[in-house]
Structure formats: C-alpha cells, structure tokens
Amino acid sequence: MGDRTASRYGDDPVLTRATRRAVVSVVGAVVLLVVGLSVAVSLVSFKFGTFAFKAVGATHGWILLLPLAIAVLWLTRAIRRATRGDRLGSDAHELDVDHPLRVSLARLAALADVPVPPLRVVDSQRPNSYVVVEEDGTQTLCVTSSALEACTQAELDAMLAHELFHVAHGDARLTSRLEAMAELADTRVSVLSGWIVPAVRGLMRQRELSADRAAALLTSRPSDLDSAVRTCTRAVHPGPPDLRLVTAVPFVEASSGERPGWCTHPSVDERADSLARVAAQLGQR
Amino acid sequence: MGLFDSLLGRSKPVRPDLDNLFGLPSAAITLETSMGLHPTGTGSVAFRAPEGRAFADVQAEVQQLLDLGGGPAVEAVGDEYGYTWLVVRTDPPDVSSLVTDLHAVNTSLQDSGFGPTLLCSLVSFVDDAGRRAGLVYLYKQGTFYPFVPSTAPGTTITGEAPLRRDNLLEIQLRDLLVNDLRMEKDTSRWFAVWGAPGL
C-alpha cells in the first residue's frame with residue numbers, strides 16, 4: 001500500500017474510515033452471494049438428483065465442491081457481461097476544440113496530471129454528467145445539454161473535476177460490476193438482496209463523496225461543487241430515468257424514490273457536510 | 001497504485017521538474033533567429049486560488065512569500081476560467097531573469113502548499129508584425145507547448161468573431177524547439193490560454 005502519508009492532499013479520516021467500512025461490507029457481500037448461490041445450486045441439484053448425488057458423493061467427495069464452482073462461474077459471467085461497455089447514441093455530440101468546457105477539462109486534467117478523457121454533450125432534459133465506458137474500453141465523460149444551460153461555468157468546472165476523479169479511478173467499471181452483482185443477488189437469491197444491495201450502494205455513495213472531495217480540492221472551490229449539486233438536484237423532475245445512467249456513475253442520482261439504504265448517491269446534505277470539511281481544510285492552509 | 005490506494009484515493013504527489021524552465025533562454029534565441037519572435041518580457045504563473053479570498057489578498061500573500069526569498073514583484077490577474085495569473089515583467093525584456101523570477105514564483109507557491117493548485121507558467125513572444133505566441137510550461141508534466149492565437153480569425157455567418165488558434169504555426173514551433181525544451185507530445189493537453197497576460 002506504500003507510504004501512508006503519500007496522499008497528494010491532506011487526509012479526511014472520516015471519509016477514509018467510512019470508505020474502508022464500505023469496502024469491507026462489499027467484500028462480505030461477495031462472500032455472502034457466492035455462498036447463497038452455491039446453496040441455491042445445491043438445493044436444486046438435491047431436488048432433482050438426490051440419489052445420484054449421494055451415490056457419487058460417497059466415492060468422489062470433491063463433487064460436493066461443484067455447487068461452489070458453479071456459483072463462482074455464474075458470478076464471473078454476470079460481471080463480465082456487465083463490463084462489455086455501452087455505445088453512445090447519435091444524440092451524443094462533440095464540442096468545438098476551443099469550447100470553454102473542453103478548455104476547462106484540459107486544464108483540470110493538467111492540474112490532476114491525468115490524460116484528457118473524450119468529452120461529449122448528450123441531449124437530455126435533466127442537468128447531469130456521467131462517465132460511460134464505451135465498447136472499446138474508452139471512458140467518455142458526458143455532460144447533458146441541460147446542464148450546459150442550467151449551470152454556471154464554475155459549477156460545470158466542479159462537475160468536470162468530479163467526473164475526472166471517476167475516470168481516473170475507473171469507477172464506472174467498478175460500479176457496473178457491483179451493480180451486476182447486486183442484480184444477480186436481487187433476481188437469484190432475493191433473500192440476500194436486503195444485505196447485498198445496501199452494501200454495494202454504500203460503496204457507490206462513498207465513491208461519490210470521494211469524488212466530491214477530490215473535485216473540491218482540485219478546483220479549490222468546494223462551494224461551486226455544492227451549488228452544482230443543488231442546481232442539478234433542484235432541476236431533476238419526475239419522469240422516466242435515463243437507463244444509461246444506471247451503470248455510469250452520474251453526478252446526481254438518476255432516479256428518485258429509492259429506499260434510503262438503496263440510493264446510489266449520498267444526500268445533498270451529506271455531500272455538503274463532506275465539502276464543508278474540505279473548505280475548512282483549505283481555509284487552514 | 002493498488003486497489004485500496006485507488007479506493008481510498010492515495011495518489012502520490014507529483015514531483016515537478018522546475019529545472020526544465022531553464023531551457024527557455026536558449027529556446028528564446030532559437031525563436032528569435034528562426035522565426036523573428038522576440039520575448040515580450042512578460043511571464044506569468046497560473047494557479048487556482050482558494051475560494052473566499054480576494055485577488056488582492058492572494059497577491060499580497062504571494063508577494064510576502066517572494067519578498068522573503070528576494071523574489072520579483074508580481075501582479076495578480078483573474079481569468080474567466082477561475083484561475084489566477086501572477087504576472088512578472090522585465091523591462092527591457094530579459095528571458096534569463098524572467099525564468100529566474102518564474103522559478104522563484106513557482107517554488108514559493110509550491111513551498112507554501114499551493115503545489116496541487118499550480119497549473120502552468122507562460123512566457124510570451126511577439127514578432128515585428130505584431131503576431132503573438134506563447135510558450136506554456138505545464139507544471140505537473142514538466143513539459144512545454146506553444147500557443148498561438150490566429151491573426152486572421154474572420155467571422156462566422158452569424159457575424160461572431162470566434163477565437164481560433166494557428167495550429168500549423170504551433171506545430172512548427174514544437175518541431176523547432178524540440179532540441180531546446182521538453183515539448184508535450186500529447187496535443188490534447190495543449191489547452192487554450194485565451195486572454196492570458198502578455199498574449
């Protein structure tokens with residue numbers, strides 16, 4: 001893990017602790033899911049072949065591990081299927097080379113010392129931004145057309161910095177894998193989804209808070225990010241959610257009305273609390 | 001960077017190589033002899049000032065830091081993207097002392113904890129016809145790239161006068177200076193610096 005103090009910015013112990021807890025519960029969820037799936041496989045095979053299973057099991061003990069192997073295969077297949085990538089539709093267009101947003105993104109990438117990701121504007125009624133993993137593995141940063149209208153330059157900057165964090169850490173891929181896992185739990189061993197889905201979503205919310213913090217530090221303006229969150233959530237109105245956003249780590253929650261533990265994003269107040277800590281840290285410098 | 005580092009966000013701080021700045025005087029001679037571009041004597045350092053502080057305060061603080069180390073006088077200018085440019089002037093234009101000053105400004109900012117917010121440094125040039133060109137030093141990468149605003153942008157059909165860059169001249173400058181400076185290979189990092197001081 002290297003030098004613990006080698007963080008580019010100061011540490012946020014609250015966030016680190018919460019992230020560590022979320023990682024542990026996701027690891028627990030994976031174990032739980034594999035066990036759950038193998039139990040499901042065993043139950044099915046016992047139902048249809050009790051006699052054969054017992055007969056073979058007596059002489060070849062290893063056969064009892066078969067359900068476990070099937071469960072692992074099942075899980076890896078679901079995860080692989082989820083990481084095949086999306087194709088951006090024809091409503092995603094590129095911006096002019098010297099468009100202020102592209103210049104902003106290039107500057108932020110230079111600040112963060114990461115490669116500049118491709119940027120697309122997607123027609124949508126909801127102000128939002130997200131990262132899409134395309135079929136060839138490129139992570140493309142998308143901003144919706146209504147975000148360009150609703151947000152100020154400073155707010156857009158903060159959103160770009162937030163998404164840049166997700167690109168740099170491959171969060172879109174991580175999220176789609178975790179979501180595939182949660183979906184498998186929900187459809188195949190629904191008894192367990194009460195544990196697994198909140199664990200997965202908990203980690204996703206931690207990723208959002210980390211991205212917020214990194215963006216606030218990168219832009220040196222926590223309050224711009226806070227107002228961007230508020231602008232985007234204020235303007236989210238009921239309607240069918242954009243399905244692309246389910247696996248694409250959007251800036252604000254793509255749909256509303258989820259159960260508290262099942263939200264993919266922290267609440268506006270939670271995000272504001274975390275940003276206030278950054279502001280305090282910046283003020284001390 | 002391991003999985004945990006990635007999740008907990010422990011990226012190592014960048015160690016910038018400010019010494020690359022000292023290649024600028026020889027690059028200035030190359031520009032003078034090959035393209036007729038003279039230094040304007042203006043240089044600047046861009047960074048993101050923390051919110052809630054006025055330019056005057058930032059300028060005063062940085063000036064204080066520079067005075068401690070015997071550095072130059074600076075002037076703080078804001079731009080439309082939210083960056084603060086600290087401008088250093090030499091009159092008559094002298095690239096060597098300008099580079100020393102820019103180095104001092106960068107080091108002071110770095111030592112006082114502004115390192116992560118440092119974006120770039122810029123030195124500008126002008127030829128007899130008034131065409132301007134800038135050499136941008138990317139702080140985090142330690143590389144340079146040229147920025148040349150186009151002198152003949154024209155207007156679009158709707159009558160707007162768009163901002164255009166002279167990409168061909170930029171590429172020529174890159175190829176010209178490749179022996180004097182470490183040039184940035186990835187052109188997607190060549191962001192525009194419209195309205196930067198000295199351009």
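Confidence in chain A of this predicted model is lowest in helix α1 (residues 13-59), where the mean pLDDT is 80, and highest in helix α5 (residues 153-169), where it is 93. Over the whole of chain A the average pLDDT is 82, and 82% of the residues score at least 70. Please treat the start of the chain separately: pLDDT stays under 50 over residues 1-6 of chain A, and the model has seven contacts beyond four places in sequence for that stretch.

**The two chains**

Here are the chains in outline, with their computed values.

| Chain | Secondary structure | Buried residues | Contacts at least 24 apart, among those at least 6 apart |
|---|---|---|---|
| Chain A | nine helices and four strands | 42% of 285 residues | 73% |
| Chain B | five helices and six strands | 38% of 199 residues | 67% |

Read from the N terminus, the elements of chain A run α-α-β-α-β-β-β-α-α-α-α-α-α. The pattern along chain B is α-α-β-α-β-β-α-β-β-β-α.

**The sheet of chain A**

Four strands of chain A form an open sheet with mixed pairing, in the order β1-β2-β4-β3. Its edge strands are β1 (92-93) and β3 of chain A, each of which pairs on one side only. Strands of a sheet pair through backbone hydrogen bonds, either parallel or antiparallel.

Strand β4 of chain A is a good place to look at both senses of pairing. Strand β2 (residues 119-122) of chain A pairs with β4(A) in the parallel sense, over four bridges. Within that pairing, A:V121 stands opposite A:V143, and A:V122 stands opposite A:T144. Strand β3 (residues 129-133) of chain A pairs with β4(A) in the antiparallel sense, over five bridges. Here A:V132 has A:T140 of β4(A) as its bridge partner. The hairpin of β3(A) and β4(A) has five residues between the strands, and in it A:G137 takes a positive phi near 95°.

How many of the six residues of strand β4 of chain A are buried? Six of the six, over residues 139-144, so the strand is largely enclosed by the rest of the structure. In a regular strand the side chains alternate between the two faces of the sheet. For β4(A), the residues on one side are A:Q139, A:L141 and A:V143, and those on the other are A:T140, A:C142 and A:T144; all are buried, and both faces are covered. Two of the bridge partners named above, A:V143 and A:T140, thus belong to opposite sides of β4(A).

Helix α6 (residues 171-188) of chain A lies across β3 and β4 of chain A, and runs at about 75° to β3(A).

**A helix pair and the loop between**

Two packed helices are described by the angle between their axes and the distance between the axes. For helix α7 (residues 193-219) and helix α8 (residues 222-234) of chain A, the axes come within 7 Å and cross at roughly 130°. That crossing makes α7(A) oblique to α8(A). The residues of this contact divide into four nonpolar, one polar and two charged. From α7(A) come A:D212, A:A215, A:A216 and A:T219, which meet A:P222, A:D224 and A:L225 in α8(A).

The loop between α7 and α8 of chain A holds A:S220. Its phi is near 60°, a positive value in a residue other than glycine. Is A:S220 buried or exposed? A:S220 has 25 other C-beta atoms within 10 Å, so it is buried, as 20 or more are needed for that class.

**Other backbone details**

A:D113 also has a phi near 60°, again a positive value in a residue other than glycine. This residue sits in the loop between α3 (100-112) and β2 of chain A. With 17 other C-beta atoms within 10 Å, A:D113 is partly exposed, because that count lies between the limits of 12 for exposed and 20 for buried.

In chain B, the peptide bond that joins B:D91 and B:P92 is cis, with omega at about 0°. Where is B:P92 found? B:P92 is in the loop between β3 (84-89) and α4 (95-114) of chain B.

Key
Residues are numbered from 1 along each chain as its sequence is written. Chains are lettered from A and ligands numbered from 1 in the order in which they are written. Two strands pair if DSSP finds at least two bridges between them. Two residues are in contact if their C-beta atoms, placed from the backbone, lie within 7 Å. Axes are lines fitted to C-alpha atoms, for helices over the stretch in contact, and angles run from 0 to 180 degrees between N-to-C directions. Angles under 35 degrees count as roughly parallel, over 145 as roughly antiparallel, 65 to 115 as roughly perpendicular and the rest as oblique. Ala, Val, Leu, Ile, Met, Phe, Trp, Tyr, Cys and Pro count as nonpolar, Asp, Glu, Lys and Arg as charged, and the others, Gly among them, as polar. pLDDT is the predictor's confidence in each residue, from 0 to 100.
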